[in-house]
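Student: I would like a close look at one part of this model, the open sheet. Please describe how the strands are ordered and paired, and then what surrounds them.

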Amino acid sequence: MGSHAAATAYGRSLIAGERALELGCAPGGWTQVLAERGMEVLAVDEITMAPVRGTTFIQGSFTSAETQSEIVSQLGGGTVDLVLSDASPNRSGNHSLDHIRHARSPPPRPRPRPLHSFTRWLYQ
């Protein structure tokens, strides 16, 4: 990742001291970039990841009420300046097999209402 890409995330400057919530953070590449830029990072994923100095990690699905409560608790009632998600479905590495699995998957369900309310709260 070039230095310009590391200085911005999807067109937004990464500013030291700001709070970032990273959803679907494993294996931790973006978590490390955010931390190196001096951001306060709360990283969430169902999959465990190696610790990244200066960050807080919550293992769980960000769509579950329990994990959302833990996020709110970790934020201490405050909000975040940036929500970042580079999440993707788990893959086997075998393109043909992954394609078949994806094709057989049921269509995505609508997001649960609590997640909608939760993300709206994050940006207030």
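Tutor: What follows starts with the whole chain, goes through the sheet strand by strand, and ends with the loop and helices.

The model is a predicted one. The protein chain holds 5 helices and 6 strands, and along the sequence these come in the pattern α-β-β-β-α-β-β-α-β-α-α. Of the 124 residues in the chain, 32% are buried. The exposed surface of the chain is about 8200 Å², with 52% of it supplied by carbon and sulfur atoms. Counting contacts between residues at least 6 apart in sequence, 44% join residues at least 24 apart.

The sheet you ask about is open and has 4 strands, in the order β5-β4-β3-β6, with parallel pairing. Its edges are β5 (55-59) and β6 (82-85); each has a single partner strand, so one side of each has no neighbour in the sheet. From one strand to the next, the twist averages 20°.

Take the pairing of β3 and β4. Strand β3 covers residues 19-23 and strand β4 residues 40-45; the two run parallel and are joined by 5 bridges. Within this pairing, E22 has A43 of β4 as its bridge partner.

The search of the whole structure for salt bridges returns 1. The side chains of R19 and E40 form a salt bridge, with an N to O distance of 3.3 Å. This pair links distant parts of the chain, since R19 belongs to strand β3 and E40 to strand β4, 21 residues apart. As a general point, side chains of opposite charge can pair when their charged atoms come close. Are the two residues buried or exposed? R19 counts as buried because its relative accessibility is 17%, and the cut-off for buried is under 20%. E40 has a relative accessible area of 43% and is therefore partly exposed.

On its other side, β3 pairs with β6; these strands also run parallel, and 4 bridges join them. In this pairing A20 stands opposite L82 of β6. The faces of β6 can be listed by residue: L82 and L84 are on the covered face, while V83 and S85 are on the uncovered one. In general, side chains in a regular strand alternate between the two faces of the sheet.

Next comes the loop between β3 and α2 (29-36), where P27 is found. The peptide bond joining A26 and P27 is cis, with omega about 10°. In helix α2 itself lies Q32. With a relative accessible area of 41%, Q32 is partly exposed. The C-alpha atoms of Q32 and T55 are 8.6 Å apart in space, and the two residues are 23 apart in sequence.

Last is helix α3, residues 65-75, whose buried residues are T67, Q68, I71 and L75. Why do they lie on the same side of α3? The reason is that they cover an arc of only 100° around the axis. The other side of α3 has the exposed residues A65, E66 and S73. After α3 comes G76, which has a positive phi, near 60°.

To return to the sheet, the order is β5-β4-β3-β6, and the salt bridge between E40 and R19 links strand β4 to strand β3.

Conventions:
Residues are numbered from 1 along each chain as its sequence is written. This is a predicted model: local features need pLDDT of at least 70, side-chain atom pairs count only at pLDDT 80 or more; totals for chains, interfaces and linings use all residues. Side-chain values use heavy atoms; hydrogens and water are left out. Buried means under 20% relative accessible area, exposed over 50%, partly exposed in between (1.4 Å probe, protein chains only). The arc is that of the directions from the helix axis to the C-beta atoms. Two strands pair if DSSP finds at least two bridges between them. Axes are lines fitted to C-alpha atoms, for helices over the stretch in contact, and angles run from 0 to 180 degrees between N-to-C directions. Contact means heavy atoms within 4.5 Å. Accessible areas come from the Shrake-Rupley method with a 1.4 Å probe; for residues, only the protein chains shown count as cover. A salt bridge is a side-chain nitrogen of Lys or Arg within 4 Å of a carboxyl oxygen of Asp or Glu.
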